[in-house]
Amino acid sequence: MTGKRTAVLVVLDGAGDRLIPELGNKTAFQAASTPTLDTLAREGQSGLMNVIGPGMTPGSDTAHLALFGYDPSATYPGRGPLEALGAGMDSQPGDVAFRANFGTVEPDFTVVDRRAGRDISKEEGRLLQEAIDGMQIEDVTVRFVHTVEHRGALVLRGEGLSAKISDVDPHEVGKKVLTAKPLDSEAEKTARIVNALIRESFDRLKDLEVNQQRISRGRPPANILLLRGPGKHHDIPTMQKRYGIKAAVLAGGALYIGTARYVGMDHIHVEGQTGTIDTDFDNIAVKVIETIQSGYDYVFVHIKATDNASHDHDYKQKVLTIERTDAMLGKILDAVSNSVVVAVTADHTTPVSVGEHTCDPVPLVLWSDFIRPDDVIAFSEIDAARGGLGHLRGMDVTPLLLGYAGHIHKFGS
Ligand code: ZN
Ligand code: ZN
């Protein structure tokens with residue numbers, strides 16, 4: 001091996017599976033035609049992995065933290081900060097962030113529609129965002145970004161904030177917006193700020209022209225912000241700080257971009273990269289190659305559609321997504337195989353028969369042109385069980401990749 005290489009982590013979300021009767025009792029990885037993945041398995045090392053730990057069913061956010069080498073039980077900030085970072089906001093340590101919905105309430109705060117008709121356009125969202133973003137309550141600054149439809153993310157920045165407050169969203173139509181209550185003594189200020197913010201959002205939104213127009217079209221006005229998923233942005237060491245590397249994320253879904261940005265990765269925008277099967281695999285391949293060649297040490301590529309297909313019990317779409325990802329990987333390796341170390345895995349198992357995440361381990365393959373092979377010759381949950389990597393945890397993957405890629409110093413002399 002000469003010099004340092006780029007570590008490439010490819011995650012097919014929820015791609016692990018159990019035996020699928022409709023596929024002749026094969027998993028989706030077994031049934032799919034995957035010449036590239038099989039080559040990686042034949043030339044590299046395979047293993048099984050409990051992404052968080054034995055018996056643990058991972059959420060995608062905690063699973064990705066583990067895959068990036070972070071202990072989720074010590075670093076998981078809750079959903080809010082990850083969504084905010086995924087929306088491109090600059091959430092920082094100490095900030096408290098939320099997922100935010102525009103909703104519709106009566107003047108007495110009785111909820112009429114928790115999603116304001118689900119049809120907020122981009123332009124309407126921009127005007128609503130303008131009305132909220134920059135709001136100041138006591139010494140706390142409120143930043144808000146509209147994302148899609150009724151959704152957005154909100155960040156509070158100020159001294160002494162806490163995420164330990166109760167929910168304001170009653171999660172039911174016909175009920176009143178709830179008062180946020182502190183869940184511990186340090187959260188009193190934050191609860192007060194949030195209650196003032198909700199009231200102020202109503203005052204600012206209710207008479208906006210965009211809402212008058214919605215009412216005249218018979219649409220519910222977006223006249224309140226409902227917050228959920230509070231989380232405090234922890235001060236964690238970035239990948240750059242831990243390993244001295246420059247890391248990048250190419251993903252379509254905001255949660256994945258956010259989780260990667262949380263550990264310090266740069267988001268590389270790819271035209272046409274979405275969280276669906278229609279994501280532009282060709283464009284992703286081109287951008288991954290470019291990112292590797294531009295000097296990034298670590299490149300994380302996320303493919304979401306395998307998980308969507310699994311939640312929908314759609315084994316055909318799952319197989320198709322795996323095959324398209326395989327072709328994408330082939331293009332990437334054709335261009336840069338001698339400058340990378342590659343790991344391909346899933347963040348958890350989502351069996352199409354179940355339609356939810358489960359605790360089953362996921363397959364992993366580790367490849368570079370110098371890595372010693374084992375005797376596994378195909379990529380799947382079943383084949384990987386015999387592999388030379390044995391049984392790992394998610395937190396092992398990134399150190400393993402970085403070690404082979406030459407980014408981890410010798411321990412001792
Ligand atoms: Zn996932
Ligand atoms: Zn899922």
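Let us start with one residue: at 0% relative accessibility, Asp347 counts as buried, because buried means under 20%. Keep in mind that this is a predicted model. The neighbour in the numbering to look at next is His348, which counts as buried at 1% relative accessibility. Here are the two side by side:

| Residue | Relative accessibility | Class |
|---|---|---|
| Asp347 | 0% | buried |
| His348 | 1% | buried |

**The zinc site**

What do these two residues do in the model? Both Asp347 (OD) and His348 (NE2) are among the protein donors of the zinc ion (ligand 1). The other donors named for this ion are Asp13, which is listed twice through OD, and Ser60 (OG). The donors lie 1.8 to 2.7 Å from the zinc ion (ligand 1). Along the chain, they follow the spacing D-x46-S-x286-D-H. A second zinc ion (ligand 2) is also present, and the two ions, ligand 1 and ligand 2, are 4.7 Å apart.

**Two helices that pack together**

Now turn to another part of the model. Helix α6 covers residues 122-132 and helix α7 covers residues 188-205. The pair packs at an angle of about 125°, with the axes 9 Å apart. That angle makes α6 oblique to α7, and α6 passes α7 in a right-handed crossing. On the α6 side, the contact is made by Leu128, Ala131 and Ile132, while α7 brings Ser201, Arg204 and Leu205. By character, the residues of this contact divide into four nonpolar, one polar and one charged.

Key:
Residues are numbered from 1 along each chain as its sequence is written. Chains are lettered from A and ligands numbered from 1 in the order in which they are written. This is a predicted model: local features need pLDDT of at least 70, side-chain atom pairs count only at pLDDT 80 or more; totals for chains, interfaces and linings use all residues. Side-chain values use heavy atoms; hydrogens and water are left out. Donors are N, O and S atoms within 2.8 Å of the metal (3.2 Å for Na, K and Ca); water is not among the atoms, so sites may look incomplete. Buried means under 20% relative accessible area, exposed over 50%, partly exposed in between (1.4 Å probe, protein chains only). Axes are lines fitted to C-alpha atoms, for helices over the stretch in contact, and angles run from 0 to 180 degrees between N-to-C directions. Helices (H or I, at least four residues) and strands (E, at least two) are DSSP runs, numbered from the N terminus. Angles under 35 degrees count as roughly parallel, over 145 as roughly antiparallel, 65 to 115 as roughly perpendicular and the rest as oblique. A crossing is left-handed if the near helix is turned anticlockwise from the far one by less than a right angle, and right-handed if clockwise. Contact means heavy atoms within 4.5 Å. Ala, Val, Leu, Ile, Met, Phe, Trp, Tyr, Cys and Pro count as nonpolar, Asp, Glu, Lys and Arg as charged, and the others, Gly among them, as polar.
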